[in-house]
Structure formats: C-alpha cells, structure tokens
Amino acid sequence: MATFIIANGAAAMGGPVTIFFTFWGLNVLRKPNGPAVAKGFLDKMFGMMMPKGARRLRLSKLNMGGVGTMLMKHVMRSKNVMDLPTLIKAAQDAGVRLIACAMSMDVMGIAKEELIDGVEVAGVANYLGTAETSSVNLFI
Amino acid sequence: MATFIIANGAAAMGGPVTIFFTFWGLNVLRKPNGPAVAKGFLDKMFGMMMPKGARRLRLSKLNMGGVGTMLMKHVMRSKNVMDLPTLIKAAQDAGVRLIACAMSMDVMGIAKEELIDGVEVAGVANYLGTAETSSVNLFI
Amino acid sequence: MATFIIANGAAAMGGPVTIFFTFWGLNVLRKPNGPAVAKGFLDKMFGMMMPKGARRLRLSKLNMGGVGTMLMKHVMRSKNVMDLPTLIKAAQDAGVRLIACAMSMDVMGIAKEELIDGVEVAGVANYLGTAETSSVNLFI
C-alpha cells in the first residue's frame, strides 16, 4: 500500500512514475482468476502457496489469523482511504508504469497472462536505467 | 534504530535531515503515557494492540518472547550504544525534523497529542517534495 | 538476494558499486567455518543464535520449517539462477565493495576474521559519504 500511495502522490504531482515488482511483490499483480497456464509441478506448487492478487494479501503485521487484515480494511473503508485494488487502478489511470521483474517471474513460474492487464515485463538493467535518472527511488 | 543512527550521522555531517513516519513507524513517536483522547471503538482497539513508544518496541528479529530484545538492550548498554529513546532525543537536539504521516494517523486513529513533542504532521506530497531535493533518501 | 542481483546488475552496467551491511545483514558475510575468536558470554550467545553465512539463511517468507527455502533453492538451481554464495563471489569478482558496519559488528560481537575475505569495515559516515555521491541508493 505504501508503494502505491507514494506512487500515486508522485503521479499527481506531475512526475513520471515506474514501479518495479520483484519476487513476492509480483503477487500484487496476479489476476484473482487468471487463465490456466501449463506448468511444471514445482511451478504449480509455488503458485498455490502464494496469494493471488491484491485482495488476498495480508494488510497488517497484526494479522492474527485474518482479523488484523479485516479490521484494517474496515477502518480504511470507514475513513475513505482507497484499498489496494483501487490504488492499483488509480495508479494505472494516472499513467504509473507497472513493471514485473522477468527473472522473478521465471523463478516463481508466473506467466505474463496471469498478471493484470497493462503490466510490462523487463529485467534488472531496465530498473537500473530508470532508477539512475529518477529523483526519488525507493526499495519498499 | 537504523533510521535514527543514519539520521543522526547525517545531521552530524551537517546536512538537513527529515524523517517521515508512516503506519507502524508512528508507534516510535507515541508518548508512553499520552493524554486520554476521545476515540471511537475501532480506534481504541488499534491503539491498544500497538506498542506505545520507543521503549516498547521489539528490537530484534530473534525476539523469543522478549528475551531477544532484552539481550539486545543489555548488549547495547554494555557497549555504550545509544538506545532508541536516546537516539530520538539526540536527533531532535541535532535539528532532525520528525514528520508524522497525516493519513496514517487518521487510519490508525492516532491524535497529535499522543505523539512526543516537536513532531510535525504532514502528507505524502510534503514527503515527496523533500525527497526530490535531497541527496540521500531511504525507505526503511 | 535482491541486494546482490541489483548490485551485480549495476556493476555489469559499468558503475562503481558499494554494499554496506548492518546488523542481521552481517550474517550474509560470516564464514561458514570461521576461526575461533575469544569472546564474552553474550557475544558467544549472539553468535550461536544467528545463521553463519549465506548458505544458512532463510530464502523465503514461506519458510515452513525449511521446506520453503529448500524448494526455492531447488527451483533456482533448475532455472539456472545463481544462489546467494555464487552471487556474492560474482559481486566480489566484478569489483563490488562489501563494507561491514563497524558499530553493528561491535554490538553483535563479530570480529573481522569471522567475515569472508575481502570485506572492509567502516562506519556510518563512510556509508553516508558514498550515498551522497551515488545515483542509486537503496535500503534493502
């Protein structure tokens, strides 16, 4: 959430914004009901163990078997703070580029079709090139 | 602790330093015995679940029911490393600006009076404005 | 791993790269079978509790008693992704400077001889000096 709040803030202030997603971060970009993709056994296991999409992620360090996340979502709704899926949609509408790390996708056995629409795929060199010319650059 | 050690180091080297606190980071700034503030039920629950102030935070990933944190504190004291409350005090004395994220305070139901003295409140635009003109900028 | 993948990528793109290791990060640099060093009781306890070197670190947030880490290592090997010890070796060969935080070593009771060869020891001022003049600077 911090990533998207900062990204959307920066986009609103007029700058070009890029988010580069690696390893567990890719789960944010998975479609909740993605297409069936032919996978090896290990890739399948990985896919099953990990949360599918922004709605399934733990929101709180005080998770307590789901209660913390539910509580946090309730509080955010009642205070008119966008939830994660809405933040992602707002980011895409504001022109924030979402880039999935190619090597992470390979290791975790995630195919491009399993990610939400509009996500690009690129490598670490692409990230470094963008980071070098940007004024604010965070690892979150 | 890493945040304040780096901030105090940078202040000692003569630069202006700002720390922006979001979500769980706000707990560092809570007064151990803050004033009673009228709150709704959920805000109260949140407040009770979270540690109040720097003295109550876990210090170690090897927490083991408090033993890790106690051990770490003992070792640091015996080696003359400042503990977190002392680091915060030193930071304030050195002119480091401590800014609490307004949206995080709203979501977590924390009022300004519950935070230690000298803390400012501002939004993400304020953070981004500061980050853009600073030479070192970390998400910790 | 993210640290070394980014560092090695940056080194391949021709820039000077420095990694500064603090607290738990130091465990990455410990020799698996380091020399016996005379230590006080607390330093010994700390040393025993912490993983010794890159091969012993948890690789996954889905650790599940070691299964997650084993699975991840297997997947990475089968997909020709370098493991952590290989990434460290590659970084050193590419001229990436590895710097251990002097204060962290002191607090955790780690001596220079316990770290892998080629590691430098320095303080936070050294880190800040390097960070200020670098174009990309991350806290990982």
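## Chains meeting without polar contacts

Across the interface of chain A and chain B, the rule turns up zero residue pairs in polar contact, counting pairs with both residues at pLDDT 80 or more. Keep in mind that this is a predicted model. The salt bridge count between chain A and chain B is zero too.

So what does sit on the side of chain A that touches chain B? That side divides into 17 nonpolar, five polar and two charged residues. Two elements of chain A, α1 (2-12) and α3 (67-78), give two or more residues each to it.

Now for chain C and chain A. The rule finds zero salt bridges across their interface, and zero residue pairs in polar contact (both at pLDDT 80 or more). On chain C, α1 (2-12) and α3 (67-78) each bring at least two residues to the side touching chain A. By class, that side of chain C has 16 nonpolar, five polar and two charged residues.

Here are the two interfaces laid out:

| Interface | Residues in contact | Buried area | Share from carbon and sulfur atoms |
|---|---|---|---|
| Chain A and chain B | 24 of chain A with 22 of chain B | about 2,100 Å² | 81% |
| Chain C and chain A | 23 of chain C with 22 of chain A | about 2,100 Å² | 81% |

Next, the nonpolar cores. The largest one has 81 residues, and Phe4(A), Leu98(A), Phe4(B) and Leu98(B) touch the most other members. Leaving out residues up to four places away in sequence, Phe4(A) touches Ile19(A), Phe21(A), Val28(A), Leu84(A), Leu87(A), Ile88(A), Ala91(A) and Leu98(A). Apart from the largest core lies another one of 36 residues, including Ala7(C), Val17(C), Ile88(C) and Met105(C).

Terms used: Residues are numbered from 1 along each chain as its sequence is written. Chains are lettered from A and ligands numbered from 1 in the order in which they are written. This is a predicted model: local features need pLDDT of at least 70, side-chain atom pairs count only at pLDDT 80 or more; totals for chains, interfaces and linings use all residues. Side-chain values use heavy atoms; hydrogens and water are left out. A nonpolar core is a set of buried Ala, Val, Leu, Ile, Met, Phe, Trp, Tyr and Cys residues joined through side-chain atoms within 4.5 Å. Buried means under 20% relative accessible area, exposed over 50%, partly exposed in between (1.4 Å probe, protein chains only). Contact means heavy atoms within 4.5 Å. Buried area is the accessible area (1.4 Å probe) that two parts lose on being put together, summed over both. A salt bridge is a side-chain nitrogen of Lys or Arg within 4 Å of a carboxyl oxygen of Asp or Glu. A polar contact is a pair of N or O atoms within 3.5 Å; within protein, one must be able to donate a hydrogen and the other to accept it, and residues adjacent in sequence count only if both atoms are side-chain atoms. Helices (H or I, at least four residues) and strands (E, at least two) are DSSP runs, numbered from the N terminus. Ala, Val, Leu, Ile, Met, Phe, Trp, Tyr, Cys and Pro count as nonpolar, Asp, Glu, Lys and Arg as charged, and the others, Gly among them, as polar.
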